[in-house]
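Visitor: Please take one residue of this model and give a close account of its position, its contacts and the elements around it.

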Amino acid sequence: PFLNSENLCSIQLEKGEAYLSNVCAGYPRMINRVEGVLEYSLTLSCPEGARLVLDREEPLKWISGSGELGRRQILNVDYRASDYSGQFLAENLVMLREKTIAILQDRQFSLDQRIRILGDFFEGLDAGKKPLSKPGKMKIYEEEYSQSQKIQFWDKINSRFNTPEYLDSQRYLDKMKSSGQTMEKGSFPKKLEIILENYLVNYVFQSLFPSGESRNPQDAFLKL
């Protein structure tokens, strides 16, 4: 009701930013604090935020800086690894998140290859056994993934989620099946690859992936 004919906020235009509610003053920014460092990202439900993030041709990157949380800014998560002792994914969040983003942005591979590489990486992690220090665990595969490997990968995801534990939506299961068929025909179109890459990277950064409800590395990946 407060938008004018040009879809601009009439309150801000007429009264100024100081009159905005706390939610409007912060939206679409999402703010997390990770090991004492404030991280800002954009919520993609905002059309302009989505345009800025998804339409970017260059890989997304974040600029580090110092500062304090503003008086009207709302902190989403305050993360400290020391609060998650014994929880492998959450305890190693910073390292795992950096590795995930590096794989997703490695454009020497197609996006479907990167997703497969990421799946292999998380499947190979053994929680609590310092897998990041073992040779080969960080390997980026250079070989071309065969069509049969792509189908096997999607079949694994399909079978993992085809249980009442996750959901019983036939529409979702049909979509997963069609995704497998799409993968069989080839890679994503280039423009779509960039949009999906940017979406995934923004989600990983903003949601503090892979911390969360999942305690198992492979479950964390499948829920991504």
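**A strand residue and its surroundings**

Guide: N32 is found in strand β1, where a strand is a DSSP run of E of at least two residues, a helix is a run of H or I of at least four, and both are numbered from the N terminus. The model is a predicted one, in which local features need pLDDT of at least 70, side-chain atom pairs count only at pLDDT 80 or more, and totals for chains, interfaces and linings use all residues. Residues are numbered from 1 along each chain as its sequence is written, and side-chain values use heavy atoms, with hydrogens and water left out.

N32 is buried, with a relative accessible area of 1%; buried stands for under 20%, exposed for over 50% and partly exposed for values in between, with a 1.4 Å probe and protein chains only. The side chain of N32 reaches the backbone oxygen of Q206 at 2.8 Å, which falls under the term polar contact (a pair of N or O atoms within 3.5 Å; within protein, one must be able to donate a hydrogen and the other to accept it, and residues adjacent in sequence count only if both atoms are side-chain atoms). If neighbours within four places in sequence are set aside, N32 is in contact (heavy atoms within 4.5 Å) with V37, L38, E39, L75, N76, V77, F205, Q206 and L208.

The preceding residue, I31, is also found in β1, and I31 is buried at a relative accessible area of 4%. Beyond four places in sequence, the contacts of I31 include L69, Q73 and I74, together with Y40 and V77. The C-alpha atoms of I31 and L69 are 8.9 Å apart, although 38 residues separate the two along the chain.

Strand β1 pairs with two other strands, where pairing requires that DSSP find at least two bridges. With β2, β1 runs antiparallel and is joined by six bridges, and I31 stands opposite Y40 in that strand. The hairpin of β1 and β2 has two residues between the strands, and in it E35 takes a positive phi near 50 degrees. With β3, β1 runs parallel through three bridges, and V34 has Y79 of β3 opposite it.

Q206, the polar partner of N32, belongs to helix α9, which covers residues 190-206. This helix has 17 residues and reaches 24 Å from its first C-alpha to its last, close to the 24 Å expected at 1.5 Å a residue; the expected span is 1.5 Å times one less than the number of residues. The buried residues of α9 include F205 and Q206, as well as E193, E197, N198 and N202. Those buried residues pack against β1 (29-34), β2 (37-42), α3 (47-54), α5 (93-104) and α6 (111-123). At one side of the helix, P189 lies in the loop between α8 (170-185) and α9; P189 is exposed, with a relative accessible area of 51%. The C-alpha atoms of P189 and S110 are separated by 9.6 Å, with these positions 79 residues apart in sequence numbering. At the other side, α9 is followed by L208, whose phi is positive, near 60 degrees.

Helix α5 is a further neighbour, and its buried residues include R97, K99 and T100 besides L93, L96 and L104. β1, β2, β3 (77-79), α4, α6 and α9 are among the elements that cover them. The end C-alpha atoms of α5 are 16 Å apart, in agreement with the 16 Å that its twelve residues should span at 1.5 Å a residue.

The nonpolar cores (sets of buried Ala, Val, Leu, Ile, Met, Phe, Trp, Tyr and Cys residues joined through side-chain atoms within 4.5 Å) place these elements in context. The largest has 26 residues, and those with the most contacts inside it include L96, L104, F121 and F221. α3, α4 (88-91), α5, α6, α9 and α10 (217-223) each supply at least two residues of this core, and α6 gives the largest share, six residues. A second, separate core of five residues includes V34, A81, L93 and L208.

For the protein as a whole, there are ten helices and three strands. Buried residues make up 38% of its 224 residues. Among contacts between residues at least 6 apart in sequence, 66% join residues at least 24 apart.
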